[in-house]
Amino acid sequence: MKRIVLFGFLLTALISCKKDNAVITEPEFFVNEDAATFAETASFDVGETGAAEITAFDPITKKLFVVRNENEGLTNQVNQIEVIDFSNPSAMKSIGSITMRPFGGAVNGVVVYEGKLAAAIQSTDKQANGKVVVFKTSDYSKIAEVIVGALPDMVTFTPNGKYILSANEGEPNAAYTNDPSGTVSIISVADNYSVVTIDFSSMASQQADLKSKGFRIFGKDASFVKDVEPEYITISEDSKTAWVTLQENNAIAKINIESKSITNIFPLGFKDYSLAGNEIDPSDLDGGFKPAKWNVKSMYLPDAITLLEENGTPYLFTANEGDAREYDGFSEILRVKNKDIKLDATAFPDAVTLKLDANLGRLNVTTTLGDKDGDGDLDELYSLGSRSFSVWNGNTGGQVFDSKNELDKLCFTAGVYDDNRSDDKSVEPEGITIGKVGNKKVAFLGMERADAVAVYDLTVPSKPVFLQLLKCGDAPEGVLFIPAKDSPTKKSLLLVSSEGDGIIKVYTPKTI
C-alpha cells in the first residue's frame, strides 16, 4: 500500500481512462503564496535614463530581455535589447545585447513566446513605417522581419502563439506637418509571418456619435484615420479578440483577430471631480496635498490595458495615465490661470478666485474641449488623466469600477506622493498587469510619478481590493509578472522596470 501511495505522489499526474484511451493530465503547478506580502528580493542597474523601459522573460532560456534606449538624438545614442541572465534573480548579470541598428531606431516593446522574442522597432524617421522583428531567444538570430505601421509602440503574442499584434501609434512630427495613420498590425506566425495592417477608416462614419460620447478627434487639421493613436493591446484567452487603448482619443477599440477588422470603438467618457470620492489636489503651490471637490472633469486617456475573464465576461483593466498632445506645431494644454483661458461667467462665477495658484490656476487643462456654446469661453474644464485605474466591460465598453482618488490617498499615506505633480496628472498610473498568486488573481499597477506599484486583489473583478504598496525605481514603465510555474525560483515574481534610473526590481511574496 505504501508503495502505491508513493508512486502516485512521484508521478504527480492525474490519470483518467475513457474507453480504451488513457489520458494523462499534468496538474496545475501551485505554490500557496500570500498575495499581500510581496517584498523586494533583488535589483539590477541596466544603465542610464531610458535604459529599462519594458522587459520580457523567456522561461526556456531563463533570460530577461530589456528595452534599452538612451541618449536619443545624440551621437552616443543606444537602441538595443539588453539580455540578462535571470536563472538566479538574486545574481542577475548582463550577458549580451541585440542591437536595433540594422532594423531602425528605438525599440519600444518586447514580448516572448516559446523561444521567440518579438520586438517593436520604430523607424529612424518616426513618421515612417516601423518593424516587428522576431528573434530566437537562444542565439538572437533573426527569424522574421516584418514591416508594420508608423511608430509601433507595443507588441504582443496571442495566447495561442498564432499571431503577433503591434499597436502602431502614428504620432505626428514636431511641426505637425506629417501625421501618419494610427494602425494595428496582425502578423500570422504560421503563414510565414505575413502581415495585415488595419487602420480605422471603417469607423470614420461613426465620428459624430463617438465624439458625443467622449471620443476625441482634435489634432491640427485632424482626420479620423490620422488622429487615432493606438497605444497598448490585450487579447482574449481564446486568441480571437483584441482590445486596444487609443490613449489620446480617450477610447478603447475592439478588434476581431480572425477577420482582421475593427468591430467597436468604446469612448470612455469623463470623470467628474466634483463628486464625493473623486476629490483631487489640483495645485502644486497650495502648501501640500489638499484634495477637495472641484468643478472640473477629466479624460481617462489610458495607457496600459490588461484583461481578466470571469464567468464569460471580459473585464478590461486600464491605467489611466493621461497624455497631452504637445508639439511645436500644435499644443492642446494651458494652465487655468493663463490669460487665454476665459471662463464662462455663469458656469464659473468665482473665476477670479479659481485662477489663483492655490486653487485651479496651476491645473493643466485641454483647450480642445469645454466651449459648449461656441462663444469663445470655457463652460467646462477638462484635465488629462483620471488619476486612477478603471475596469470596463469588454463586451459593452461600460465602466464597472474606478479607483476614484484612492491611489492619491494611498501614495500620500505611504509618503511617496509627489505634490509637484498635483497640477498635472498626479501619481500618473501607467503600467498594469494581472497574475495569479496562490489562489488569488492580482493586479499590479505601476505609477510613474509616485515611483510605486499598487497591488490589488481581484477575487471580484468589478470590486478590486487594495493589498499593498511597493516602492520601486524612478518612473516605473514596465510591470511584468512571472508565474511560479515559469519562474526560475518556482515562486511568483514581480519585475518592475523604471525608465528614470534604469533599475529593475524583483519582488517575491511569502509562501504560506
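**A tour by way of the aromatic pairs**

Begin by selecting Tyr327, which at 18% relative accessibility counts as buried, since the cut-off is under 20%. Bear in mind throughout that this is a predicted model.

Now add Tyr176, which is likewise counted as buried, at 5% relative accessibility. A search of the whole structure finds 17 aromatic pairs, and one of them joins Tyr176 and Tyr327 in an edge-to-face arrangement, with 5.4 Å centre to centre and 80° between the planes. Because Tyr176 lies in the loop between β13 (163-168) and β14 (183-188), and Tyr327 in the loop between β23 (313-319) and β24 (333-335), the pair ties together parts that are 151 residues apart in sequence. Extend the selection to Phe218 and Phe330, and you have one aromatic cluster made up of Tyr176, Phe218, Tyr327 and Phe330.

Next, select Tyr300, buried with a relative accessible area of 5%, together with Trp392, which counts as buried at 2%. Their rings form an edge-to-face pair, 5.3 Å centre to centre with 90° between the planes. Tyr300 sits in the loop between β21 (297-299) and β22 (305-310), while Trp392 belongs to strand β27 (residues 389-393), so that the pair links distant parts of the chain, 92 residues apart.

Finally, show the whole chain as a cartoon, where six helices and 35 strands can be traced. The radius of gyration is 24 Å, close to the 24 Å that the globule rule gives for 512 residues, and the chain is therefore as compact as a globular protein of that length. Colouring by burial would mark 58% of the 512 residues as buried.

Note on methods: Residues numbered from 1 in each chain as written. Predicted model: local features only at pLDDT ≥ 70, side-chain atom pairs only at ≥ 80, totals over all residues. Heavy atoms only, no water. Helix = DSSP H or I, 4+ residues; strand = E, 2+ residues; numbered from the N terminus. Rg over C-alpha atoms; globule rule 2.2 N^0.38 Å. Buried < 20%, exposed > 50% of the residue type's maximum accessible area, 1.4 Å probe, protein only. Phe/Tyr/Trp six-rings, centres within 6.5 Å; stacked < 30°, edge-to-face > 60°.
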